[in-house]
Structures are given as C-alpha cells and as structure tokens.
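Me: Could you take a close look at one part of this structure, the strands that pair beside one another and the residues packed around them? I would like one connected account, with each term explained where it is used.

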Amino acid sequence: MFNKAKNATAEQKTTPPSSPDSSDTLLTGTPTSSNARPSTSIIGSHTQVEGDINSDEDLTVKGRVSGTITCKQHTVTLGANSYFKGDVFAHTLHISGEVEGNLVALHRATIHKGAQVTGTIVSPCLVLEDGSVFHGSIDMSADNEMLKNSFNDAPTHTKTLPAKGNASGVSTRATTKESSADKEASLAEQEEVKA
C-alpha cells in the first residue's frame, strides 16, 4: 500500500547501493558508526624496510625493518618471525620476534614467549613472558629522561603511583593521567610553599 521510495529525494534515488565496507558512510564520506574498527598498518613477512616509519595507527611488523618506528599514540606489534634493528617509540609494544635496539613504550611493553630482545627497554610497565630472551637494560621509571623526551608532545602526562605488593610478592604499578592544567596548578602550589 505505502511505498516510501515514492517519497525519496532525487539524491537518494541516484546514490548507488553502498558496499559492505561503506555501509556506515554518508554522502560526505564520513563514517557514522561508533563501532568502526581502528586501522592497522601491516608490514608483511616478505617485506624489508630500511628507514624511519611514522604511524598514526596501530602497526604490525611481520617482516624485516631497520630504522626508527614512531607510533606514539598506538600499538606496535613485532610478530613472531619479524626482525627489527633500531629504535621503537610507541604507546604499547608487543614483541614476539627478534629485536636489536631501544624499545620505549609510554604505557606497556610485553615481550612474548619466543622473542629475542637485545638492547634497552624503557617503560613504566613491562611483562617478560616465560620463554622470552632478553639481554640489556630495563628502566621502569616514569621519570626516565628518554621516556619524557620521547613523549613530551603527548596529550597527557602519566604519573606513577606508589607500588603495592600483591599476594605473590610481585610489585605492581598503577598509572593515572594528569592534565597539563593540573600539573601547572601543582607546580604553582609548590612555588607558593617555597616562598
């Protein structure tokens, strides 16, 4: 009886059917779905990259990379058969392959079973799984100069709370995000106390 197609505008009638990948896209090309998947760049297992990589999305390396990876607000994953030589600066790191160099993670670094890492790891939270191999130095201080200098343009600052022991006797850490305004107010209060 009632046919809504008769009431459709000319613009709707001439728009071709959307593909499954663009079903949540308006005519402007802007995704409208709140459950849109975050994008990930992948360097395949048969790919070799020499040079610096800057990424504003998650990055997965399955091949060989020599250089610097900068992915400060996202996750970098070095796969089981990957080889990396250089420095990595990421929000979160997952290492399963072979690495020679500096790994700097703002939030957490996880060295998975089977990984072989030689170098320096700087992260306030570090997980070394059984079966991983590590040679080098570790700094888990949130006040580390390399960590501060690498992420000085990050939108928020992390503040480490006092460590609390758990039932197994392993020390754990919690982090909170402190806004720039809160940090400035805290510094102003400290200056007043000194005066």
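Reply: Ile-43 stands opposite Val-61 in S4, and that pair is a good place to enter this predicted model. Strand S1 (residues 40-43) pairs in the parallel sense with strand S4 (residues 58-61), over 4 bridges; two strands are said to pair if DSSP finds at least two bridges between them. Strands here are DSSP runs of E with at least two residues, helices are runs of H or I with at least four, and both are numbered from the N terminus. On these terms the protein chain has 3 helices and 14 strands.

S4 is also joined to S5 by 3 bridges, and these two strands run parallel; here Leu-59 stands opposite Val-76 in S5.

Val-76 leads on to the next strand, since it is among the residues in contact with Val-88 (contact means heavy atoms within 4.5 Å). Val-88 belongs to strand S6 (residues 83-95), and beyond its neighbours within four places in sequence its contacts also include Ile-69, Leu-93, Asn-102, Leu-103 and Val-104. Its relative accessible area is 0%, so Val-88 counts as buried, a term that means under 20%, with exposed meaning over 50% and partly exposed in between (1.4 Å probe, protein chains only). Cys-71 lies 17 residues from Val-88 in sequence, and their C-alpha atoms are 7.9 Å apart in space.

Between strand S5 (64-78) and S6 there is a loop that holds Ser-82, and this residue too is buried, with a relative accessible area of 4%. A polar atom of the Ser-82 side chain lies 2.7 Å from the backbone oxygen of Gly-79. Leaving aside neighbours within four places in sequence, Ser-82 is in contact with Val-61, Lys-62, Gly-63, Gly-97 and Glu-98, and Val-61 brings us back to the residue that stands opposite Ile-43.

For the chain as a whole, 26% of the 195 residues count as buried, and about 13000 Å² is exposed, 50% of it supplied by carbon and sulfur atoms; such areas come from the Shrake-Rupley method with a 1.4 Å probe, and for residues only the protein chains shown count as cover.

Residues are numbered from 1 along each chain as its sequence is written, and side-chain values use heavy atoms, with hydrogens and water left out. Because the model is predicted, local features need pLDDT of at least 70 and side-chain atom pairs count only at pLDDT 80 or more, while totals for chains, interfaces and linings use all residues.

Methods: A polar contact is a pair of N or O atoms within 3.5 Å; within protein, one must be able to donate a hydrogen and the other to accept it, and residues adjacent in sequence count only if both atoms are side-chain atoms.
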